[in-house]
Amino acid sequence: MYDAIIIGAGMSGLAAGIRLAHYDQRVCILERHTTIGGLNGFYRLRGRDYDVGLHALTNITPKGTRKGPLARLLRQLRLSWDDLAISPQIGSEIAFPSARLRFNNDLDLLRSEVARAFPGEVDNFERLIAAVVEYDDLTDEHAAISARVRLGELLDEPLLVEMLFCPLMFYGSAREHDMDWGQFSIMFRSIFMEGLGRPYAGVRLILKHLVRKFRALGGELKLRSGVSRLEVENGKVSRVVLDSGEVLEGRRVLSSAGWCETMRMCNDGTPVDASRSPGRLSFCETIATLDRQPKQLGHDRTITFYNDQEEFVWTPPAEPCDLRSGVICSPNNFDYDEPLGDGVMRITALANFDYWRGLDERAYELEKLRWYDAITASAVRFVPDYRQWVVDTDMFTPTTIVRFTGHDNGAVYGAPEKQIDGRTHLDNLFICGTDQGFVGIIGSIVSGISMANMHCLRD
Amino acid sequence: MTKDEIRAEVLDILADIAPDEDLSSLDDSKSFREQMELDSMDFLDIVMELRKRHRVQIPEDDYVNLASMDSTVEYLHPMMKDM
């Protein structure tokens, strides 16, 4: 009998596991895949290391900062700032046809860029910052109001509104067309006011730290152990049955598999509420390895968020991939002590899950090649054309995301409607991860921590 | 445990929770919240570490006593003096 069984060895599941194991609970984390990480994975291909998911960590505050999600996370997991070895970004950019805005981890750069590109908006932008600072994650009753409505009240220039939405939606909006004001404020702070950073060794460094810590505390991690069903008796999960037929028992179950996905595991015939859709926003990503550093081609931006029209559209595209907008990330362009070995350019674009899922194996391989080219051609309108220096490539699609995460539709940021308190219809079953609340790496870790604290450590 | 030993133990818990913090300059009469910006999650951790390490049970209504080092030691001393 375990004290807690956790479904999913991604950021949230591992963080929850560390909290519980630290307080001497018997914990088992079950992961269907052959490796840890979920949405934020890493792999080795043809002799090179790749990251999936992570472009950059958000919420990066300098060592010694006591406030904010990163500081809280480090204290809760008993990690030192140096353990994550985060290097700050060099500087990023929002690129639209008629304006560009640069930003880095000092809000003053964005302030001066707004003043340069939108001189009439200087005072309004300060009002926006004040409103974002004022927003309180825990008590604010305006959390669910439309950010578009709120920004419409605060700013006069529609183009500035679109340019601010572009990075914030790309890095964490499960809602189409709009964001909740609460989520907008959290994302604005995490990206523009705190900042972006990356460990030199990438996401694997974070995951390896978490797993090592979990195991050192006596936690058990079972890979290749998908959950086939949760057996329900008297309003509780009584047994967890694995795909292999193995049966486990736990006093509590914490699932990061997603809301709808977890409900379907319960064998009590819980109807999956049709009003709670699992989210539809998914991505394709192209990864190009170069034979030189991006800086040698004149590209020194860490992240470039681009959009080729005045309006930014945030919804699944009718086409296989949305070629109008995307995110270009160069992991080389962080302020490391020494440069990364290979030059890398990654491009992320919105994608249509149904299209990619419907392809047979041969068509899938061909379409990957075709859309790799199309996405890259779209992106090089905004950054130096790097195509002649490419020595290796890889690409993932929404179906890759499903394979690694098990999330319906390959939805990267989960369901638009979150279950903030993590509770379900069963007394001892809770959810954590993207469908509970916060997204991104720091957000997922905080989700695992808070759900473990709230539901599994109070007796 | 003497009051000094209890103080050392609480200090050890704080060092565990916040490894990057310089605790040598901690003012025992001032609140932890003010000096270290600890939040409610951190106070819960102090309570749970005391339970884990010493089996001391602190009811939620008594958390206010953990505001500063002085008040924490005063509060814990009757419970821990015979340990």
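In this predicted model, the side chains of Arg280(A) and Glu176(A) meet in a salt bridge, with a nitrogen-to-oxygen distance of 2.9 Å. The domain assignment of chain A places residues 106–192 in domain 2 and residues 280–405 in domain 3, and the count between these two domains is one salt bridge. Glu176(A) also appears, together with Phe170(A) and Tyr171(A), among the residues of domain 2 that lose the most area to domain 3 of chain A, and these three account together for 47% of what that side buries.

The boundary between domain 2 and domain 3 of chain A can be described further by the following values.

| Feature of domain 2 and domain 3 of chain A | Value |
|---|---|
| Distance between C-alpha centres | 26 Å |
| Residues of domain 2 in contact with domain 3 | 14 residues |
| Residues of domain 3 in contact with domain 2 | 16 residues |
| Area buried between the domains | about 1,300 Å² |
| Share of that area on carbon and sulfur atoms | 68% |

Turning to a pair of helices, α4(A), which spans residues 107–117, packs against α5(A), which spans residues 122–134, at an angle of about 145 degrees and with the axes 9 Å apart. The crossing in which α4(A) passes α5(A) is right-handed. On the side of α4(A), the contact is made by Leu107(A), Leu110(A), Arg111(A), Val114(A) and Ala115(A), while α5(A) contributes Val122(A), Phe125(A), Glu126(A) and Ile129(A). By character, the residues of this contact divide into seven nonpolar and two charged, with no polar residue.

Conventions: Residues are numbered from 1 along each chain as its sequence is written. Chains are lettered from A and ligands numbered from 1 in the order in which they are written. This is a predicted model: local features need pLDDT of at least 70, side-chain atom pairs count only at pLDDT 80 or more; totals for chains, interfaces and linings use all residues. Side-chain values use heavy atoms; hydrogens and water are left out. Axes are lines fitted to C-alpha atoms, for helices over the stretch in contact, and angles run from 0 to 180 degrees between N-to-C directions. Helices (H or I, at least four residues) and strands (E, at least two) are DSSP runs, numbered from the N terminus. A crossing is left-handed if the near helix is turned anticlockwise from the far one by less than a right angle, and right-handed if clockwise. Contact means heavy atoms within 4.5 Å. Ala, Val, Leu, Ile, Met, Phe, Trp, Tyr, Cys and Pro count as nonpolar, Asp, Glu, Lys and Arg as charged, and the others, Gly among them, as polar. Domain bounds come from an automatic or database domain assignment. Buried area is the accessible area (1.4 Å probe) that two parts lose on being put together, summed over both. A salt bridge is a side-chain nitrogen of Lys or Arg within 4 Å of a carboxyl oxygen of Asp or Glu.
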